[in-house]
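The exercises below are meant to be worked with the sequence and the three-dimensional view side by side. Each task is followed by a solution that goes step by step.

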Amino acid sequence: MGKSKASNMSMLRLRGIRRVVSVAKKLPIKEGIPRVAAAVKKSPTKEGKSYMKAKIQKNPNEAYYDIGINANLTCEAEQNTNLYEIIWYKFDSRGYPIKLKSALDGPGILTLTLNSLSAKDSGSYKCEVFRPQVNYYNSQFVNITVKVKPEIQLAATYLFKKGMIINCSLKNTDEVNPPQVKYTWFSCDSASCDEESAKLKIESYSLRLNSQARIAMKYRCIAINAAGSDSKIIEVIKLSKSTTF
């Protein structure tokens, strides 16, 4: 009888367990409470790059500046991070980097100041941010364009000769930036020598004169690019037997 009672108790327990399992299968799974505890598997290690890419917060890709002003180029890594080395370079005409300024174990920010900009400051600059201890590196380029307007260089007076050519020469040809310059010649047919009242007008670098209506005539040349413009008035004198100075 004892064995029969024990057997009945075992059957009841088994039925109870089956009922609980059956109910558990029907219940929704709540987030964070898994129904079945599975074995934790390690995710495969991904093969990374040879360095982690640093973030550069401030650095324009391209910037335009007027000649003579000061320019600040700032290269900044992540905020609130120290132990960086930052280097500023400028590339020469052959494409080789020239080290201009560096900072080691600082706050992760370095400003390169270019004082009194001139045409020679135009070019490509590079900022490098890295932490060699943890293979942490990044770089960024910035192209600097210093705008330089044309400056005309002409004599004040010319003697007329049929077929003569006068070029609107610049004294800063090698520095003008951008180098694309538009030239306009026109005759001074008013006291103000304005373009609107001119009887002769040509868009050209050169002024060719085959004839001249008066003994003395004035002409103006205007040279203009994206940085600005310059103009100069010249006088052309046609000699005759009665011409005196």
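**Exercise 1. Place Q212 in its surroundings, and decide whether its side chain is buried or exposed.**

Solution. Begin with the position along the chain of this predicted model: Q212 belongs to the loop between β13 (206–209) and β14. Next, take the accessibility, which for Q212 is 6% in relative terms; because buried means under 20% relative accessible area, Q212 counts as buried. Then list what surrounds the residue: once its neighbours within four places in sequence are set aside, Q212 is in contact with F160, M217, Y219, V236, I237 and K238. Finally, look for a polar partner among these, and the side chain of Q212 is found to reach the backbone oxygen of V236 at 3.1 Å.

**Exercise 2. Work out the strand order of the open sheet that contains β14, and explain which strands stand at its edges.**

Solution. The sheet has five strands, in the order β9-β15-β14-β11-β12, and its pairing is mixed. Reading the two ends of that order gives β9 (157–159) and β12 (201–202) as the edge strands, each of which has a single partner strand, so that one side of each is left without a neighbour in the sheet. Inside the sheet, strand β11 (residues 182–187) and strand β14 (residues 216–225) run antiparallel and are joined by six bridges. One point of register can be read off directly, since S187 stands opposite Y219 in β14; Y219 is also one of the residues in contact with Q212.

**Exercise 3. Describe the aromatic pair that involves β11, and state what it ties together.**

Solution. The structure holds two aromatic pairs. One of them is formed by Y183 and Y205, with ring centres 5.0 Å apart and an angle of 75° between the planes, an edge-to-face arrangement. Y183 lies in strand β11, whereas Y205 lies in the loop between β12 and β13, so the pair ties together parts that are 22 residues apart in sequence. The burial of the partners can then be assigned: Y183, at 16% relative accessibility, counts as buried, while Y205, at 36%, counts as partly exposed.

**Exercise 4. Identify which strands supply the largest nonpolar core, and relate the side-chain pattern of β6 to burial.**

Solution. The largest nonpolar core has 21 residues, and those with the most contacts inside it are L73, W88, Y125 and I144. At least two residues of this core come from each of β2 (62–66), β3 (71–76), β4 (84–91), β6 (109–114), β7 (123–131) and β8 (136–147), with β8 giving the largest share, four residues. Another core, of 18 residues, lies apart from it and includes M164, W185, L207 and L209.

Turning to β6, the side chains alternate along the strand: L110, L112 and L114 point to one face and are buried, while I109, T111 and T113 point to the other face and are not. β6 runs antiparallel to β3, with six bridges between them, and A71 stands opposite L114.

**Exercise 5. Find the covered face of β10, and locate its pairing with β13.**

Solution. The covered face of β10 carries M164 and I166, and the uncovered one carries I165 and N167. β10 and β13 pair in the antiparallel sense over four bridges, and within this pairing M164 stands opposite L209. Both M164 and L209 are among the residues of the core of 18.

**Exercise 6. Where in the chain is confidence lowest, and where is it highest?**

Solution. For the whole protein chain the mean pLDDT is 76, and 68% of its residues reach 70 or more. Confidence is lowest in helix α1 (residues 2–26), at a mean of 47, and highest in strand β10 (residues 164–167), at 97. Over residues 19–52 the pLDDT is below 50, and beyond near neighbours in sequence this stretch has 10 contacts in the model. As context for these values, the chain has one helix and 15 strands, and buried residues make up 30% of its 245 residues.

How values were computed
Residues are numbered from 1 along each chain as its sequence is written. This is a predicted model: local features need pLDDT of at least 70, side-chain atom pairs count only at pLDDT 80 or more; totals for chains, interfaces and linings use all residues. Side-chain values use heavy atoms; hydrogens and water are left out. Two strands pair if DSSP finds at least two bridges between them. A nonpolar core is a set of buried Ala, Val, Leu, Ile, Met, Phe, Trp, Tyr and Cys residues joined through side-chain atoms within 4.5 Å. Buried means under 20% relative accessible area, exposed over 50%, partly exposed in between (1.4 Å probe, protein chains only). pLDDT is the predictor's confidence in each residue, from 0 to 100. Contact means heavy atoms within 4.5 Å. A polar contact is a pair of N or O atoms within 3.5 Å; within protein, one must be able to donate a hydrogen and the other to accept it, and residues adjacent in sequence count only if both atoms are side-chain atoms. Rings of Phe, Tyr and Trp (its six-membered ring) pair if their centres lie within 6.5 Å; planes under 30 degrees apart count as stacked, over 60 as edge-to-face and the rest as tilted.
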